[in-house]
Structures are given as C-alpha cells and as structure tokens.
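Student: Can we go through this model together? I'd like to start with helix packing and then move on to a few other things.

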Amino acid sequence: MKINELPIEFKHALPVLKELNRHGYEAYFVGGSVRDVILHQTIHDVDIATSAFPEEIKEIFPRTIDVGIEHGTVLVLYHQDQYEITTFRTESTYQDYRRPDKVTFVRTLEEDLKRRDFTMNALAMTLDGEIVDLFEGIESIHEKEIKAVGNPDERFSEDALRMMRALRFASQLDFNIEVKTEEAIAKNHLLLEKIAIERIYIEWVKLLMGSHRKKGLRPFVETNCYKCCPELSNKKDELMSFSDVTPTMLLTSEELAWSCLLIALKETKIKSFFTKWKASKHLSNVVSQVVTYYNHRLEKDWDAQSLYDAGVEVISLVEQARAFFSLSNDETLYLETYDQLPIKSMTDLSISGRDILSFTNKKPGPWLGNVLSFSEKQVLNGHWENDKATLLKNINEMVVD
C-alpha cells in the first residue's frame, strides 16, 4: 500500500528522514500517525524510528534533547518543529508490567515492530509513502479490529496498560477487540493493579470521551478491568447502564465526562472518589458542583441565587449533562439569564466593608459580614439598586433598626 499524498505533518518531517538516510541509516514514520493517515484521521504526533543509535542521531542533528535516551528516544529540534526519533529496539522482561528491564538497540525494522502493542500500530511508512506492514496491520484497520501483535498474553504481561489502551482505541476508533485479544485482557486484567493510577486515568478519560464509548465501556466491564479501577469495583450494573446512555452524544470535556459518569454511578462521596483517582482539586470541585446543581435541577428550575452561586462553567456543564441524560435543557437561555444578573460576585457590589464602617461609624464585627451578605442578596434579587448612596442609606436604616 502507498499513500500518494502525504499529509502536511509528514511533509514537514521529510527533511529529517532524508537527513538520516543521507548518513546511511534507515528511517520511517511509525505507529499511530501511520494508522491515522490510513483512517483519514487528524494526525497528532509524528514519530520516527531509525536504525541510527541515539549517539549517532545526536551527531547528525545539532539541536537535540535526551527525553528518553536510555530507551533510545531523542527529541530532535528541527527548524520550528520537534520530533521524537527512536532507535529500533528490542526489549527484555518486564518485571513491573510497565517498563522493560533492559532495552537492546537493533538495526532492523522488523525486530522493532515486533514489540509494538497492536497490529494496527505496528506499521511503518517510508518517506515516499510506502507502507511497511509485517503483521497484517492494514487488514486489521480494514476489518476495524484491535489485535495484539503476536501472543496477546505476552504483550499484556510486558505492559499491562496496553489493556486499557485497547479499550480506549475501541471507543475512539469504533473498532472491535479481536476475540483472542479480548480473552487475554480478561485473563490478565488483574495486572492493571500493577499500573500507576495516573496512567490508567489518562486512558480512562480518553475512553469516556471517545465517539463510540460503548465499544470501550462494554468490554471494560466484561473483561473485569473495572474491578481494578478506584471506586468502580461495585458499580458493574451502573457502568453497563451508562454505556447505553445517548451513545451518539460526545462528552466533549473531561469535566463533562466525569460529571455524567458520577451522576450515572449515583456517587455521593465525590471528593473521596477523586482523591483515589488522584485527580486535580479543580476537577474535583467542578464535578462536585455540577452533580449538586444537576440534582437541584431535578427538583426545581434555576433561580437568580442558584445561577449566581453556580457560575458560567457549572451552569453550562449541568445543562450539557441534562442533554446527555435526555432531560429538558437550555444552556443558551440560562447563560443569558446569568449574564443579566445585576452582580456576578460580592466584588461587584458598589460598596465595601470599609464604606459601611465609615458611613455607620461602627466597629468591625460579625455584623459587617452579615450586612454585606444581606446586601448581596437584596441586589441580586432586584430589591435594592446597586448604587452606593442607595445601598448605604438602606444599610444605615437596617443597622439603626
């Protein structure tokens, strides 16, 4: 197979391959970018594999960074672009089920492609667009099938995260996992317990945000991988139900994906949930608010106070979550209503605590915070004008009373 018209991302990188060839080394585009050009999908990262050893790469290119030189990877800075160039290599045993105990650099492409995860990723492409397919990867792509290279048990014992990658690819690409590969995932799922949760987290979020997440979620449950993920081991039924919810609607952000998932799981201890997933505090706080206001919206409509407290991001996510669960929603309307609120925060009040103290000639105390909070609500609900003179007059009358 030959790609007659290379995408611009490959064209920009052609001088790098030519330079390696000029010095007598083989060089190819490899991995996911080759798969994606066959699928006519957007190219993200262009990776290059070569027969040149790391020190030889550094001798050819004047500007390099040792991003993973012990594993054969050198980052080459070429004009305004940068490319990860990795030496053909073989790998030894994997005692931690993630990183090889030893990497051996080799000079042949076939030895390098043998160590790749799935046949659709074990592809290489020459600078002329010729596809090198030694493991029937093109057939797998045409069959829309995720198939391990060689023995799937060996591939997953080398790197257990590959199981989550298979599930993620199924969700993103609308592929099915080949029978023997899926059986091996079920057989080896407990190896996921050896993998850092931060790495599982990345694959899990990509799975949730995939355009065909049911293709990933169903086998995620059926292979028992869910049992190795924090707070999901007792959520089998909820996860299966979640996989059926509006399968054509994309979860377009990490915040929305997690919010819809936790709503479906009926999770109440959200902060604790995210602590175990080692998620950011910002994500935890946002999702916690979204779930709270989603439940609020199940019982009553937005009002000035709830819109004010929630803010733009949470309002948007709540309405998107309602759309996801096929409930009435109107993100535009409620954002416009929010925009028309007389104030968006306490700092928008035309007076400050200092103004009140000066006007009333009273000493500071808890009363001051109470007065500011009361004023905030009066202005928010349209009972008082947000005008300094008017506010001080109303506050003075309230304090005197």
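Student: At what angle do the axes of helix H11 and helix H12 cross?

Tutor: The axes of H11 (residues 236–243) and H12 (residues 254–265) cross at roughly 130° and come within 9 Å. Axes are lines fitted to C-alpha atoms, for helices over the stretch in contact, and angles run from 0 to 180 degrees between N-to-C directions. Helices are DSSP runs (H or I, at least four residues), as are strands (E, at least two), numbered from the N terminus. This is a predicted model: local features need pLDDT of at least 70, side-chain atom pairs count only at pLDDT 80 or more, and totals for chains, interfaces and linings use all residues. Residues are numbered from 1 along each chain as its sequence is written, and side-chain values use heavy atoms, with hydrogens and water left out.

Student: Which residues of H11 and H12 make the contact?

Tutor: H11 contributes Glu-238, Leu-239 and Phe-242, and H12 contributes Cys-260, Leu-261, Ala-264 and Leu-265. Contact means heavy atoms within 4.5 Å.

Student: Is Cys-260 buried or exposed?

Tutor: Cys-260 is buried, at a relative accessible area of 0%. Buried means under 20% relative accessible area, exposed over 50%, and partly exposed in between (1.4 Å probe, protein chains only).

Student: Why does Cys-260 have no bond to the closest cysteine sulfur?

Tutor: Because that sulfur, in Cys-229, is 19 Å away, too far for a bond. The cut-off for a disulfide is a pair of cysteine sulfur atoms within 2.5 Å.

Student: And what about Cys-228, how far is its sulfur from the closest cysteine sulfur?

Tutor: The distance is 6.5 Å, to the sulfur of Cys-225, which is also too far for a bond. Cys-228 is buried at 11% relative accessibility.

Student: How many disulfides are there in the whole structure?

Tutor: Zero, from a search of the whole structure.

Student: Back to helices. How do H7 and H9 pack?

Tutor: H7 (residues 161–173) and H9 (residues 197–208) have axes 8 Å apart, at an angle of about 15°. They are therefore roughly parallel; angles under 35 degrees count as roughly parallel, over 145 as roughly antiparallel, 65 to 115 as roughly perpendicular and the rest as oblique.

Student: Which residues make that contact between H7 and H9?

Tutor: Among them are Met-164, Arg-165 and Leu-167 of H7, and Ile-200, Glu-203 and Trp-204 of H9.

Student: Changing topic, where is Gly-150?

Tutor: Gly-150 lies in the loop between strand S10 (145–146) and helix H6 (152–158). At 61% relative accessibility, Gly-150 is exposed.
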